[in-house]
Amino acid sequence: MIDGRQVATAINALRGHQPGRAIGPVLEVIDAFDVPRLSYESVLKSYRSESVPHRMHGNADDQREVYAGRYALIRQRLLRNNLFKRPALEHLSKTSNFVHLTDVEALSGCTGRQCILGLLCEPSEGVFHLEDLSGTVPVDLSDAKPSAGLFTLGCFVLTEGELLPTGVFKVEVLCFPPPEPREQSISLLENVRCFGPNDGTALEKTRADLLSRADEAMLIVVSDCWLDRTEVVSALEDLLDGYEAATQEQADAAAQFAFLLCGNFVAEPLACTDMYAMRAHFDKLAEVIRKRPTLAAHSHFVFAPGPKDLTLGASEALPRSRLPATFTAALRERVKHVHFASAPARLRFYGREIVVFREDLVVHTRRNAIVEPNEGESTEMSEHLVKTIVDQAHLRPSLLSNFPVFWNHDHALQLPFTPDVLVLADNYSHYEVNYEGCLAFNPGMLMAGLSWMVYRPASNTVEYSALA
């Protein structure tokens, strides 16, 4: 077994014992319920954002906006793509590689191969349809050639095919809308709040300065911290011992560490009547951190709930609220810089924009795929998942009937632009995927391999770490 002293030796070798520097507010945690709603004004051809009231239950307009909002975000992004951008002169459209999007309503008046952007749905068992704002059409996917990705009901897809005399759209090519480079999206949304309530040009100006002073900064990501299992708590103690020793009681060094602890915080779900047991588990964790005084006083600790954790509201519906204050009183008292995040949550760490989501995504998304993944593109389900999320610009692209979402907060799961980092904490094995400028990773379960992952904002890289 590797003890805390050996972990400290390895960390010090990586850090090079360089003294840290005080750099101000390096970590910002943005709650999902504080994320502004982004909408597109078709008349003005511009985006605007608005704050959303902090209420769980929406009205009928909010339900309609769930799919309409997702569709508008993807369609506008698609129309900015050079392949789908109509030439300024009409006669050039016949000689260029321009791809024309056909609305479902207009299919009956078209002949030959057509390209449709629509929502995959299943109005009746075994009968799939494509739906856009103009209508629906049944589709035949039996001979469709899918691209990489996991195609589930509730995804917006690009299909190429032909309308048969029977009224069924025969799909030959099935793919996701192409993603947009992060820089291009940000340039369009420069003066629009969409990542958090405090967005603005001033933040962009400080980003480079923060990154220039982030040489030793680390975000230590641990998932499935089962506080009701002795062996897991012991592993957390060894992990914290290593980082405590690595700081050598230097406040500046410890201030550059942030610990992201993701749920589930219990191995088996607890009933509402077990609230006192849950509080006892967090009291124990608070004491564990308190015994590492340098970390407790200067490092940041962020807690993100999992699908089995007790939270305010229904834990099955997204976004999931933060851990209740009644569980975490001891942590607030004994840890100076402690943050309780929602699921999903957004972080700014040394200027890097990070989206954190604790959900069992790989297995559930693969299980709900209606076509077999294209293993010619990749045999790794993690790569298919990351492509699906980035291309869909949504963390959980699915039907509300399959995975419930609070209607008036679905926008908190949207990704108007690709973040620097996606932390997709999952009960799947650990992975690291780079896709379209986005670094996505899953630290894996702490119990599975006594392992975690460390993200370094200065180099925008992630490292796998383990105790044994």
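Visitor: Why is Glu287 called partly exposed?

Guide: In this predicted model, Glu287 has a relative accessibility of 23%. Partly exposed runs between the buried limit, under 20%, and the exposed limit, over 50%. So 23% counts as partly exposed.

Visitor: What makes the contact between Arg290 and Glu287 a salt bridge?

Guide: The N to O distance is 2.4 Å. The cut-off is within 4 Å, so the pair qualifies. Both residues lie in helix H7, three residues apart, about one turn of the helix.

Visitor: What is the exposure class of Arg290?

Guide: Partly exposed, because its relative accessible area is 41%, and the exposed class needs over 50%.

Visitor: How do you know that Arg48 pairs with Glu41?

Guide: Their closest N and O atoms are 2.4 Å apart. The limit is 4 Å, so this is a salt bridge. Arg48 is partly exposed at 37%. Glu41 is partly exposed too, at 26%.

Visitor: Asp391 and Lys387 also form a salt bridge. Are these two buried or exposed?

Guide: Both are buried, which means under 20% relative accessible area. Their closest N and O atoms are 2.7 Å apart, again within 4 Å. The two residues sit four apart in helix H11, about one helical turn.

Visitor: How many salt bridges does the structure hold?

Guide: It holds 29. Some link into a network, with Glu28, Arg182, Arg207, Arg348, Arg352, Glu353 and Asp420 as members.

Visitor: Which element gives the most to the lining of the second largest pocket?

Guide: Helix H2, with nine residues. The lining divides into eight nonpolar, six polar and five charged residues.

Key:
Residues are numbered from 1 along each chain as its sequence is written. This is a predicted model: local features need pLDDT of at least 70, side-chain atom pairs count only at pLDDT 80 or more; totals for chains, interfaces and linings use all residues. Side-chain values use heavy atoms; hydrogens and water are left out. Ala, Val, Leu, Ile, Met, Phe, Trp, Tyr, Cys and Pro count as nonpolar, Asp, Glu, Lys and Arg as charged, and the others, Gly among them, as polar. A salt bridge is a side-chain nitrogen of Lys or Arg within 4 Å of a carboxyl oxygen of Asp or Glu. Buried means under 20% relative accessible area, exposed over 50%, partly exposed in between (1.4 Å probe, protein chains only).
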